[in-house]
Amino acid sequence: MTAPLIEFDTDRLRLRQWRESDLAPFAAMAADPQVMEFLLPLPTRADSDASANRASALIAKNGWGFWAVEHKATGEFIGFTGLNVPLATLPFSPCVEIGWRLARHTWGQGFATEAARGALQVGFERLGFDEIVAFTAAGNLRSAAVMERIGMHEDVAGAFDHPSVPAGSPLLAHRLFRIRRPQR
C-alpha cells in the first residue's frame, strides 16, 4: 500500500517527485567536487541514477522523502531537500533526518533554507513527527549554518563518528542537530 504523494511549494521553489529529466542535472551536481566535499567519493553516473531512483521509490511508497527541488521561475531542477529515515543505524536511531544537496550555482541565495523550512513544516504539521534531526561532517560549516537558520539546535553531546565513514577519514566526526515540533 502506498501513501498519498506529498508535493509542495515555497515562495520560489517546488518540492516534488523526481522525473527522468532530473537524472542528468543530478548526476552533474553529484560530479561537482565542491558539492560533494563533505560526502564520500564522487558517485558514478549509475550510482547517481540509483540514488535518485531510491529517493523516488521512497516518495512513491511513503508519500514523502528527499524531494526533487525545482526553481519555480525557471523550471530548473536544482537539487533535493527533504526528510528521510537514515539507512545506517546511528547512535540516536530511530530517527527522521532532514537533508539537502543543491547545485553550486544556486548557493548563497537562501534556497536550502527555504526548502528545508518547507520540509520541516510538512514533517511536523502533515506527518506529525515530534522531532527531526540533521547531521553533517564536523567541517561542513555551510550545512551547519542552514541547520541553525531553520531553528535547529546543536546537540553537542550527540556528536558521533558516522558508522558508514571509514576510520581515519576527515569526514568521520559528525555534528548532530535537533528540532522538536513547535507547541501551539
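**Exercise 1. A salt bridge at Asp130**

Task: In this predicted model, find out whether Asp130 is buried or partly exposed, and then work out which parts of the chain its salt bridge ties together.

Solution:
- Step 1. Start with accessibility: Asp130 has a relative accessible area of 44%. Buried would need a value under 20% and exposed one over 50%, so Asp130 counts as partly exposed.
- Step 2. Look for the partner. Asp130 forms a salt bridge with Arg181, and their closest N and O atoms are 2.2 Å apart.
- Step 3. Place both residues. Asp130 is in the loop between α3 and β6 (131–137), while Arg181 is in the segment after β9 (173–180), so the pair ties together parts 51 residues apart in sequence.
- Step 4. Check the partner too: Arg181, at 29% relative accessibility, is partly exposed.

**Exercise 2. Another link between distant parts**

Task: Locate the two residues of the salt bridge between Glu37 and Arg142, and say how many residues apart they are.

Solution:
- Step 1. The side chains of Glu37 and Arg142 meet at 3.7 Å, N to O.
- Step 2. Glu37 sits in the loop between α1 (23–30) and α2 (45–62), and Arg142 belongs to helix α4 (residues 141–149); the two are 105 residues apart.
- Step 3. Glu37 is partly exposed at 42%, and Arg142 is partly exposed at 44%.
- Step 4. For the wider picture, the whole structure has 13 salt bridges.

**Exercise 3. The two sides of α2**

Task: Which residues of α2 are buried, and where do they lie around the helix axis?

Solution:
- Step 1. Begin with the length: α2 has 18 residues and reaches 26 Å from its first C-alpha to its last, close to the 26 Å expected.
- Step 2. List the buried residues: Ser48, Asp49, Ala52, Ala55, Ser56 and Ile59.
- Step 3. These residues cover an arc of only 125 degrees around the axis, which puts them on the same side of α2.
- Step 4. A general rule helps here: an α-helix has 3.6 residues a turn, so residues three or four places apart point the same way.
- Step 5. Now turn the helix around. Ala46 and Lys61 are exposed on the other side of α2.
- Step 6. Finally, ask what the buried residues touch: they pack against α1 and β3 (66–71).

**Exercise 4. Helix α3 and the core**

Task: Decide whether α3 is mostly covered or mostly uncovered, and find how many residues it gives to the largest nonpolar core.

Solution:
- Step 1. Of the 16 residues in α3, 12 are buried, so the helix is mostly covered. Among them are Phe111, Glu114, Leu120 and Phe124.
- Step 2. The largest nonpolar core holds 45 residues, of which Trp18, Trp67, Leu83 and Ile98 touch the most other members. Helix α3 (residues 111–126) gives the most to this core, with 8 residues.
- Step 3. Zoom in on Trp18: its contacts include Phe26, Ala52, Ala55, Ile59 and Trp67.

**Exercise 5. Unusual backbone spots**

Task: Which residues does a cis peptide bond join, and where is a positive phi found just after α2?

Solution:
- Step 1. Recall the usual case: most residues other than glycine have a negative phi, and most peptide bonds are trans.
- Step 2. Ser93 and Pro94 are joined by a cis peptide bond, with omega about 0 degrees. Pro94 is in the loop between β4 (77–84) and β5 (97–102).
- Step 3. Just after α2, Gly63 has a positive phi of about 90 degrees. Gly128, which follows α3, has a positive phi near 75 degrees.

Note on methods
Residues numbered from 1 in each chain as written. Predicted model: local features only at pLDDT ≥ 70, side-chain atom pairs only at ≥ 80, totals over all residues. Heavy atoms only, no water. Core = buried A, V, L, I, M, F, W, Y, C linked by side-chain atoms within 4.5 Å. Buried < 20%, exposed > 50% of the residue type's maximum accessible area, 1.4 Å probe, protein only. Helix = DSSP H or I, 4+ residues; strand = E, 2+ residues; numbered from the N terminus. Contact = heavy atoms within 4.5 Å. Salt bridge = Lys/Arg side-chain N within 4 Å of Asp/Glu carboxyl O. Expected span 1.5 Å × (residues − 1). Arc of directions from axis to C-beta.
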